[in-house]
Amino acid sequence: MRTTYTKCLGLILVSGLLLLVLFYAHSPGTSSVVDIRPRQGSPIKKLLDEKIQDTISGYHDIAYHIKEDVASRLAQNTCVCLADKDTFQVPFSNLLFPRVWAHNLDFAFLESHPDPEGIKHHRAKEYSSFQSRSYSPADVLIVAEANNPLQYPTQGVEVRPLKTIIIPGLGLKEETKSNHMVHLTATLGTFDVAATVDKVSVKGEGEKHMILSSPLLAALNRQLQFVTYTNTVFHPKTADTVQFATEGHQSFFTIKVGHGTIPTLYNSGYQKEYNISALVTIATKTFLRYDKLKDLVDSIRQYYPTITIVIADDNEHPQPVTGPHIEHYIMPFGKGWFAGRNLAVSQVTTKYVLWVDDDFIFTANTKLERMVDILEKTTLDLVGGAVREVTSYTATYRHTISVEGGGEDGDCLHMRHGYHHVIDGFPNCVVADAVINFFMGRTNKVQQVGFNPRLARQAHLG
């Protein structure tokens, strides 16, 4: 009996110690914190002024009162991740009390790089190039002036899923009367105001339908500068149609809902001349002709000795293909050309990929620098070259592709010889929809599009 009592007492003491550990681990002073709230250095008032200054002129003399709970949800680019403090160490503590880890990858990378300032400059240049390529006029904010009494954005309004923005450009232009009123209605989100203006009534805050009214038109327009939209239905890529109305008039505009594009930046060197080995990987697919493949590799090495060559091989009895900067991947027998393209391209990590057939030969006229130059200086994603046959016939396969609406059986696909127009700055180059199977493309774009593996034996167009 005494032994049992001693064991029970020991168990109670151990349990008490564990409870103390749990209490200590989860006490407010040591809790995990991921701080994404506004920083002291970015006042909300300054943020609001920046977001509304370019949308509607005037009304700056009308005071407003910030709604902290709404305004704090606006994007500010000031989030930081904080790691948990290292409080205590007990067996299995990482399993029992998982910690939040934070590591500055940018600092770690630059700290070990021999030229951190140079790499930062090059990365900024690459990001600027990405922004230029991804720019679309359809994304630019355009505000329709009040031809009817309503002023609103016609395009260029975007919000991240489940995030909040200020709707730019809202306004009402009408004759003075006893009361001015507007309505806002959405389907995938709710409205609110980031600040309030005296003598303006706001009804429906936090709801899909909101009414704003005031006896003073200027005060109402000032209040409209602080109207927010919060997406409440998660979707990675969609749009909400917003109705903006007043007595006798209504208008509609869309708010794009989606994640921003994450840029893929490449460390391709920043010499005055293009470093082809750092910029380009050559990819090919081989089947039943290792002799031709050897001739191709030998010719490449004559002009580009250190460039990486990726080979996809679906021979029934594969032979080893070795050498410096060569990657040889074996596939199931007879998978086909496009399956091989998908495999080879998936292994490319450089900014650009050059596709060649295994029976091609590089010559002194094969200048990859020219293809890189076009891709670096334009928004094009792919550049095709010309292939000269042994008969001295040169093929380029410049084609245009168009689709015309058809009937119940489907649409009509037209492929014709020709091109659309000459490229400005490159008078010997033209824009086309289809090129020959000697082409250089942006790796991330080629990987996104891919190739149809059901096309096993026809692959002469890109």
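These are my notebook entries on two sheets and several salt bridges in a predicted model.

**Entry 1: the three-stranded sheet**

I began with the open sheet of three strands, whose order reads β5-β12-β8. The pairing here is antiparallel. Which strands stand at the edges? I found β5 (164-166) and β8 (189-193) there. Each of them has a single partner strand, so one side of β5 and one side of β8 are left without a neighbour in the sheet. I also looked up the twist: with direction ignored, neighbouring strands of this sheet are turned by 25° against each other on average.

Next I checked how β5 is held to β12, which covers residues 227-231. The two pair in the antiparallel sense, and I noted three bridges between them. To have a residue to click on, I picked T164, which stands opposite T230 in β12.

**Entry 2: the six-stranded sheet**

Then I moved on to an open sheet of six strands, and its pairing is mixed. I wrote down the order as β17-β16-β15-β18-β26-β19. The edge positions belong to β17 (326-330) and β19 (382-384). Both have a single partner strand, so each keeps one side without a neighbour in the sheet. From one strand to the next, the twist averages 20°.

Inside this sheet I followed β18 to β26 (residues 439-442). They run antiparallel and are joined by four bridges. One handy pair to display is L354 with its bridge partner M440 in β26.

What packs on this sheet? I found helix α11 there, touching β15 (280-286), β18, β19 and β26. The direction of α11 makes about 35° with that of β26.

**Entry 3: salt bridges around α11**

My search of the whole structure for salt bridges returned 12. As a reminder to myself, side chains of opposite charge can pair when their charged atoms come close.

Since I was already looking at α11, I took two of its acidic residues. E376 forms a salt bridge with K351, and their closest N and O atoms are 2.8 Å apart. E376 lies in α11 (residues 368-377), while K351 sits in the loop between α10 (337-346) and β18 (352-355), so this pair ties together parts that are 25 residues apart in sequence. Are the two partners buried or exposed? K351 is buried at 4% relative accessible area, and E376 is partly exposed at 24%.

D373 has a salt bridge with K377, with 3.1 Å between the closest N and O atoms. These two are four residues apart in α11, which puts about one helical turn between them. I noted a contrast in their surroundings: D373 is buried with a relative accessible area of 18%, whereas K377 is exposed with 58%. The value for D373 falls on the buried side because the cut-off for that word is under 20%.

**Entry 4: a pair and a network elsewhere**

I also looked up K177 and E174, whose side chains meet in a salt bridge at 3.8 Å, N to O. K177 counts as partly exposed, with a relative accessible area of 32%. E174 is partly exposed too, at 21% relative accessibility.

Which residues are linked in a network of salt bridges? I wrote down K67, D192 and E205. D192 brought me back to my first entry, as β8 spans 189-193.

Note on methods: Residues numbered from 1 in each chain as written. Predicted model: local features only at pLDDT ≥ 70, side-chain atom pairs only at ≥ 80, totals over all residues. Heavy atoms only, no water. Pairing = 2+ DSSP bridges. Axes fitted to C-alpha atoms, helices over the stretch in contact; angles between N-to-C directions. Salt bridge = Lys/Arg side-chain N within 4 Å of Asp/Glu carboxyl O. Buried < 20%, exposed > 50% of the residue type's maximum accessible area, 1.4 Å probe, protein only. Contact = heavy atoms within 4.5 Å.
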